[in-house]
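This report describes selected features of one protein chain, from strand pairing to backbone exceptions and a pocket. The sequence and the structure come next.

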Amino acid sequence: MTARMDFGYTPPQRPGTMYSFTGKEYMPAMYRTLDIVTQGFKGIYIGDHLDGDGSYTIEGWTILTWIAARYPGIQIGSHVMCNPFRNPALTAKMAASLQDLSSGRFVLGYGVGTGNVAEYDGYGYHFPTPRVRVEMLEEALQVIKTLWTDSPANFSGKYYSLSNAQCEPRPDPPPPILIGGAGEKRTLRVVARHADWWNLGSNMWKQAPHKLNVLKRYCDEEGRDFQSIRKTFAAYIFIDRTHSKGVEASKGYEERAIAGDPSAVRDELEKQAELGFDLANLAFMSFPETDDVELFLDEVVPHFS
């Protein structure tokens with residue numbers, strides 16, 4: 001019996017090397033694609049970028065709010081928000097507001113931040129070392145949870161603080177916190193301590209068995225039930241009715257790709273489901289075209305329902 005798996009769609013925020021579209025094409029393509037995706041996907045999850053090397057780039061929170069209003073029946077989430085881009089108290093307030101406005105459909109995906117240093121420099125943000133970013137992430141998660149549960153909220157840390165802060169409406173229920181990342185020295189320990197969901201990034205999903213073992217070890221050390229953390233992963237989809245065409249299209253992205261005909265794609269997803277992953281956040285590379293999304297919906301999604 002095939003293990004059940006849900007699917008999330010991650011649309012592009014910008015063109016670049018992976019996608020080819022213009023600013024004028026973006027919103028019409030989003031309408032078409034999301035109208036299709038919402039027929040069978042569990043959720044829509046948006047990344048966090050500010051600058052696409054000068055190309056058309058939509059800010060994540062803004063389009064996430066637009067999606068929440070336009071598609072009232074689907075889960076929405078960030079995948080993942082960069083902690084250094086926003087003070088976590090502001091993030092907590094924005095998340096609480098969106099959770100209220102969306103009637104409880106929001107998932108807060110959160111992480112240490114992308115490694116595109118130029119993006120930080122261009123917007124005037126400091127880009128700390130990896131160790132400091134993980135320390136900041138852990139404090140930020142404490143700030144967010146405190147604002148969501150305490151009224152007034154107080155917190156004093158090395159990087160962040162709260163002083164009799166209010167977050168009304170407090171989210172009811174609080175959004176699940178998804179932590180993206182797989183660093184074995186620090187990030188996975190933060191996942192064990194704080195995450196409701198965990199996402200294994202598209203550049204690492206093929207390392208899933210090893211990363212799961214590391215996370216389980218940290219859960220054991222922290223006294224956390226490993227099974228209480230929802231396991232999700234991200235991947236790029238290259239699907240075609242002709243297997244060789246799907247594989248050929250994935251060249252250059254092999255480490256991130258699930259590629260081939262529907263049968264091959266199903267087989268790869270089944271392997272992940274057997275490991276304990278029950279949500280795949282997927283990017284489809286033919287955007288602004290929709291043939292691959294439609295084929296996936298017709299011949300892959302029903303297999304896991």
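## Strand E3 and its partner E2

The model is predicted. In strand E3, Ser78 is the bridge partner of Ile46. Ile46 belongs to strand E2, residues 43–46, which runs parallel to E3 and is joined to it by 4 bridges. Another contact between these two strands puts Tyr45 opposite Gly77 in E3. The connection goes through a helix: E2, helix H2 (residues 60–70) and E3 together make a β-α-β unit, and this unit is right-handed.

Side chains in a regular strand alternate between the two faces of the sheet. Strand E3 covers residues 75–78, with Gln75 and Gly77 on one side and Ile76 and Ser78 on the other. These four residues are all buried, so both faces of E3 are covered. E2 gives a matching description: Gly43 and Tyr45 point one way, Ile44 and Ile46 point the other way, and all are buried.

## Neighbouring strands E1 and E5

E2 also pairs with E1, in the parallel sense and over 2 bridges. In this pairing Gly8 stands opposite Gly43 in E2. E3 pairs with strand E5 (residues 106–111), again in the parallel sense and over 2 bridges. Here Gly77 stands opposite Val107 in E5. Gly77 thus takes part in the description of two pairings, facing Tyr45 of E2 and Val107 of E5.

Phe106 is found in strand E5. Its relative accessible area is 1%, and because this is under 20%, Phe106 counts as buried. Phe106 and Gly77 are separated by 29 residues in sequence, while their C-alpha atoms are 5.3 Å apart in space.

## Aromatic pairs

Across the whole structure, a search finds 24 aromatic pairs. One of them is formed by Tyr9 and Phe284, with 6.1 Å centre to centre and 40 degrees between the planes, a tilted arrangement. This pair links distant parts of the chain: Tyr9 is in strand E1 (residues 6–9) and Phe284 is in strand E12 (residues 277–284), 275 residues apart. Both Tyr9 and Phe284 are buried.

The two rings also belong to a cluster. Ring pairs link Phe7, Tyr9, Phe41, Phe284, Phe296 and Phe304.

## Backbone exceptions

Most residues other than glycine have a negative phi, and most peptide bonds are trans. Two peptide bonds described here are cis. The bond from His79 to Val80 has omega near -15 degrees, and Val80 lies in the loop between E3 and strand E4 (81–82). The bond joining Asp172 and Pro173 has omega of about 5 degrees. Pro173 lies in the loop between strand E7 (161–165) and strand E8 (177–180).

Two residues that are not glycine have a positive phi. Ser103 has a phi of about 60 degrees and is found in the loop between helix H3 (88–101) and E5. The relative accessibility of Ser103 is 68%, which is over 50%, so Ser103 counts as exposed. For Asn164 the phi is about 50 degrees. The place of Asn164 is in strand E7, whereas Ser103 is in a loop.

## The second largest pocket

Rolling a probe the size of a water molecule over the atoms shows where empty space is left. The second largest pocket holds about 200 Å³ of space. Strand E10 (230–239), helix H8 (243–249) and helix H10 (291–299) are the elements that give two or more residues to its lining.

The lining of this pocket consists of 13 residues. Those that lie nearest the centre of the pocket are Ile239, Asp240, Ala249, Ser286 and Asp292. By class, the lining residues are 6 nonpolar, 2 polar and 5 charged.

Technical notes:
Residues are numbered from 1 along each chain as its sequence is written. This is a predicted model: local features need pLDDT of at least 70, side-chain atom pairs count only at pLDDT 80 or more; totals for chains, interfaces and linings use all residues. Side-chain values use heavy atoms; hydrogens and water are left out. On a 1 Å grid over the protein atoms alone, a cavity is a set of points where a 1.4 Å probe fits but cannot get out, and a pocket is an open set with protein on both sides within 12 Å along at least five of seven lines; lining residues have an atom within 4 Å of a point. Grid points are joined across faces, edges and corners, and a volume is the space filled by probe spheres set on the points. Ala, Val, Leu, Ile, Met, Phe, Trp, Tyr, Cys and Pro count as nonpolar, Asp, Glu, Lys and Arg as charged, and the others, Gly among them, as polar. Buried means under 20% relative accessible area, exposed over 50%, partly exposed in between (1.4 Å probe, protein chains only). Two strands pair if DSSP finds at least two bridges between them. A crossover is right-handed if, with the strands pointing away from the viewer, the path from the first strand over the helix to the second runs clockwise. Rings of Phe, Tyr and Trp (its six-membered ring) pair if their centres lie within 6.5 Å; planes under 30 degrees apart count as stacked, over 60 as edge-to-face and the rest as tilted.
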